[in-house]
Amino acid sequence: MATVIDGRQLAAELNQETAKRVAELADRGVRPGIVVILVGDDPASIIYTRNKHRRATKMGIKSILKKFPADVDQATVMATIDRYNQDDSINAILVQEPLPPQLDGLAITNAIRPDKDVDGLHPTNLGRLYANQPGHYPVACTPRGIMTILHHHHVELSGKNATIVGRSILVGKPMVALLNNANMTTTLASRHTQDLGAATRQADVLVVAAGSPHLIKKEDVKPGAVVIDVGINRLPSGKLTGDVDFENVQDIASLITPVPGGVGPMTIASLMEQTVDMAEWRHHGQR
């Protein structure tokens, strides 16, 4: 039977440490700042951005939630990003996805200054991550949170096999780079992979971010694997569930994240941590 990872508890510990760092920066006259840009009225996005805003404010981080109607034009969003790029009180800029179809999301991502790109999605930051370059630069918050989980539970990575199911730029691709950089042999798969089970059964660490309820069954998992479920899906009953058949897979895994209460809380905690990192980097109080 797997040990169930308590993402809420680990996030609470990380948030406590981040809050201490915010207080230390305040003693030096520095207040980290983040702006989250929300376009439209997607219910999940409204909840996510509200939670981020509340968490940041509670920690003493300057937090701005900039809302636009769903019919906002590209020029307005780009002008807003440019304004916050020039605002010295803002260390981190995040544009909440999904965006409405009239907006060019790629252009919006690329307009954010790399040193304020708290989601780690700017090509400069992704390139540095894939090149495993030294120095300070932001990394996508969900993969960063997953790495924190793995390190906290002392999961051996070097020389082991990892399979990531899901090719998104927000999770799958940066996750591959982080695990590669930790000397793992990685496979990037998706729902379209022929014989997906063959790819997942070789994984010592299996990260699933496909957006498909219960895609991964017990027979798809290597005995003793560490299983990280990033998926969050709402069933017709209203219940939230992941991409992994948790009830059955926990019988064979060594560690597993639940949904909800696993990766989700760590994503927001990592966002707060990285915002403070970026303030420290800018003010030369490097960790």
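Q: How far apart do the end C-alpha atoms of residues 5-119 lie?
A: Heads-up: this is a predicted model, where local features need pLDDT of at least 70, side-chain atom pairs count only at pLDDT 80 or more, and totals for chains, interfaces and linings use all residues. Residues are numbered from 1 along each chain as its sequence is written, and side-chain values use heavy atoms, with hydrogens and water left out. An unreviewed UniProt entry puts "domain: Tetrahydrofolate dehydrogenase/cyclohydrolase catalytic" on residues 5-119 (such annotations may be inferred rather than shown by experiment). The span is 50% helix and 16% strand (DSSP runs: helices are H or I, at least four residues; strands are E, at least two), and its end C-alpha atoms are separated by 24 Å.

Q: Which strands stand at the edges of the open sheet of 6 strands?
A: Read across, the order is S1-S11-S8-S7-S5-S6, with parallel pairing (strands pair if DSSP finds at least two bridges between them). An edge strand has a single partner, so one of its sides is left without a neighbour in the sheet; here that goes for S1 (3-4) and S6 (185-189).

Q: What is the bridge partner of Thr163 in S7?
A: Strand S5 (residues 161-165) pairs with S7 (residues 205-208) in the parallel sense, over 4 bridges. In S7, Thr163 is bridged to Leu206.

Q: At about what angle does helix H7 run to S6?
A: H7 (residues 172-181) lies across S5, S6 and S7. Angles run from 0 to 180 degrees between N-to-C directions, using axes fitted to C-alpha atoms, for helices over the stretch in contact (heavy atoms within 4.5 Å). For H7 and S6 that comes to about 170 degrees.

Q: Is Gly166 buried or exposed?
A: Gly166 sits in the loop between S5 and H7. Leaving aside residues up to four places away in sequence, Gly166 touches Gly172, Leu188, Ala189, Ser190 and Ala209. Its relative accessibility is 6% (under 20% is buried, over 50% exposed, partly exposed in between; 1.4 Å probe, protein chains only), so Gly166 counts as buried.

Q: Which residues of the UniProt "binding site" does the lining of the largest pocket include?
A: The unreviewed entry's annotation covers Gly166, Arg167, Ser168 and Ile232. A pocket is an open set of points on a 1 Å grid over the protein atoms alone, where a 1.4 Å probe fits, with protein on both sides within 12 Å along at least five of seven lines; lining residues have an atom within 4 Å of a point. Of the annotated residues, the lining includes Ser168 and Ile232.
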